[in-house]
Amino acid sequence: MTKIVSSITSLVDFSIDASEIEPIYKRIKNQLSYIPPKKLDNPIFAEDPIISIRSMSFSYDKKTKIYDNFSYDFQFGRKYGIIGRTGEGKSTIVKLLYGLWQPDSGEILIDGISCTDLRYEDISEIITYVSSNPLIIHDTIYNNLTLFDADISERAVWEVLKKVELDSLFL
């Protein structure tokens with residue numbers, strides 16, 4: 001009798017209320033049926049494209065805003081440093097620019113085209129992002145610098161190393 005009661009107790013302890021499962025089920029169902037938006041093929045940008053952030057707001061939890069009605073224009077060819085403490089939105093703005101995350105409101109445009117309509121590769125042609133925590137691949141320095149791009153010559157790598165005065169480390 002003790003074994004039966006123990007087994008029933010285990011089953012009761014393991015049981016989950018249907019109200020706890022329903023939100024999980026809905027979330028999984030939504031993910032399975034998600035169809036990503038169509039991206040533009042070969043967008044044409046101006047020679048000096050402008051990245052415009054218009055009245056953008058963003059929060060991780062829909063409560064605490066990281067950006068609130070933020071607007072700014074980034075000019076092509078200029079260098080911008082985004083600085084701040086941890087959690088203030090430095091890497092978040094890059095993820096928003098690349099369309100990896102969507103703003104709660106407002107929009108981010110490149111030459112009037114929404115970043116959500118652009119492919120990652122097309123955005124990468126315009127934006128260069130240098131992280132404060134760079135990824136280093138367990139491979140050669142050459143492959144870390146070229147990221148396995150066969151179009152980058154060894155000569156070009158040496159030229160870059162010379163410009164940043166690191167060439168003498170490898171001679």
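1. In this predicted model, the largest pocket has a volume of about 840 Å³. Its lining is made up of 24 residues, and those nearest the centre of the pocket are Tyr-80, Ile-127, Thr-128, Tyr-129 and Val-130. Strand 2 and helix 3 are the elements that give two or more residues to this lining. Of these, helix 3 gives the most, with 4 residues. By class, the lining of the largest pocket comprises 13 nonpolar, 8 polar and 3 charged residues.

2. The second largest pocket holds about 610 Å³ of space. It is lined by 14 residues, and Pro-134, Leu-135, Asn-144, Leu-145 and Leu-147 lie nearest its centre. Two helices, helix 5 (141–146) and helix 6 (154–163), each supply at least two residues of the lining. The largest share comes from helix 6, which supplies 3 residues. Charged residues are absent from the lining of this second pocket, which has 11 nonpolar and 3 polar residues. In the largest pocket, by contrast, 3 of the lining residues are charged.

3. As to overall organisation, the chain has 6 helices and 4 strands. Read from the N terminus, the elements follow the order α-α-β-β-α-β-β-α-α-α. The chain contains 171 residues, of which 20% are buried. When contacts between residues at least 6 apart in sequence are considered, 49% join residues that are at least 24 apart.

4. The strands form an open sheet of 4 strands in the order 2-1-3-4, with antiparallel pairing. Strand 2 and strand 4 (113–114) are the edge strands, each pairing on one side only. In general, the strands of a sheet pair through backbone hydrogen bonds, in either a parallel or an antiparallel arrangement.

5. The pairing of strand 1 with its two partners can be described in detail. Strand 1 and strand 2 are antiparallel and are joined over 7 bridges; within this pairing, Met-56 has Phe-70 of strand 2 as its bridge partner. The two strands form a hairpin with 5 residues between them, and Lys-62 in the turn has a positive phi of about 65°. Strand 1 also runs antiparallel to strand 3, to which it is joined by 5 bridges. Here the bridge partner of Arg-54 is Glu-107 in strand 3.

6. Which residues have the most contacts inside the largest nonpolar core? They are Ile-51, Ile-108, Ile-110, Ile-123 and Ile-127, in a core of 19 residues. Strand 1 (50–59), strand 2 (65–75), helix 3 (90–97) and strand 3 (105–110) are the elements that give two or more residues to this core. In soluble globular proteins, nonpolar side chains tend to be buried together. Ile-127 also appears among the residues nearest the centre of the largest pocket.

7. Ile-51 deserves separate inspection. Apart from neighbours within four places in sequence, Ile-51 is in contact with Tyr-72, Asp-73, Phe-74, Leu-97, Ile-108, Leu-109, Ile-110, Ile-126 and Ile-127. Two of these partners, Ile-108 and Ile-110, are listed with Ile-51 among the residues with the most contacts inside the core. Another partner, Leu-97, is a buried residue of helix 3.

8. The buried residues of helix 3 are Thr-92, Ile-93, Val-94, Leu-96 and Leu-97. The elements that cover them include strand 1, strand 2, strand 3 and helix 4 (120–124). As a general point, an α-helix has 3.6 residues a turn, so residues three or four places apart point the same way. Just after helix 3, Gly-99 takes a positive phi of about 75°.

9. Is Thr-92, with its relative accessibility of 1%, buried or exposed? Thr-92 counts as buried because its relative accessibility is 1%, and the cut-off for a buried residue is under 20%. This residue is found in helix 3. Beyond its neighbours within four places in sequence, Thr-92 is in contact with Phe-58, Tyr-60, Tyr-67 and Trp-101.

10. The last point concerns the segment after helix 6, where Asp-167 lies. Not counting residues up to four places away in sequence, Asp-167 touches Trp-158, Leu-161 and Lys-162. From C-alpha to C-alpha, Asp-167 and Val-157 are 9.5 Å apart in space, with a separation of 10 residues in sequence.

Conventions:
Residues are numbered from 1 along each chain as its sequence is written. This is a predicted model: local features need pLDDT of at least 70, side-chain atom pairs count only at pLDDT 80 or more; totals for chains, interfaces and linings use all residues. Side-chain values use heavy atoms; hydrogens and water are left out. A nonpolar core is a set of buried Ala, Val, Leu, Ile, Met, Phe, Trp, Tyr and Cys residues joined through side-chain atoms within 4.5 Å. Buried means under 20% relative accessible area, exposed over 50%, partly exposed in between (1.4 Å probe, protein chains only). Contact means heavy atoms within 4.5 Å. On a 1 Å grid over the protein atoms alone, a cavity is a set of points where a 1.4 Å probe fits but cannot get out, and a pocket is an open set with protein on both sides within 12 Å along at least five of seven lines; lining residues have an atom within 4 Å of a point. Grid points are joined across faces, edges and corners, and a volume is the space filled by probe spheres set on the points. Ala, Val, Leu, Ile, Met, Phe, Trp, Tyr, Cys and Pro count as nonpolar, Asp, Glu, Lys and Arg as charged, and the others, Gly among them, as polar. Two strands pair if DSSP finds at least two bridges between them.
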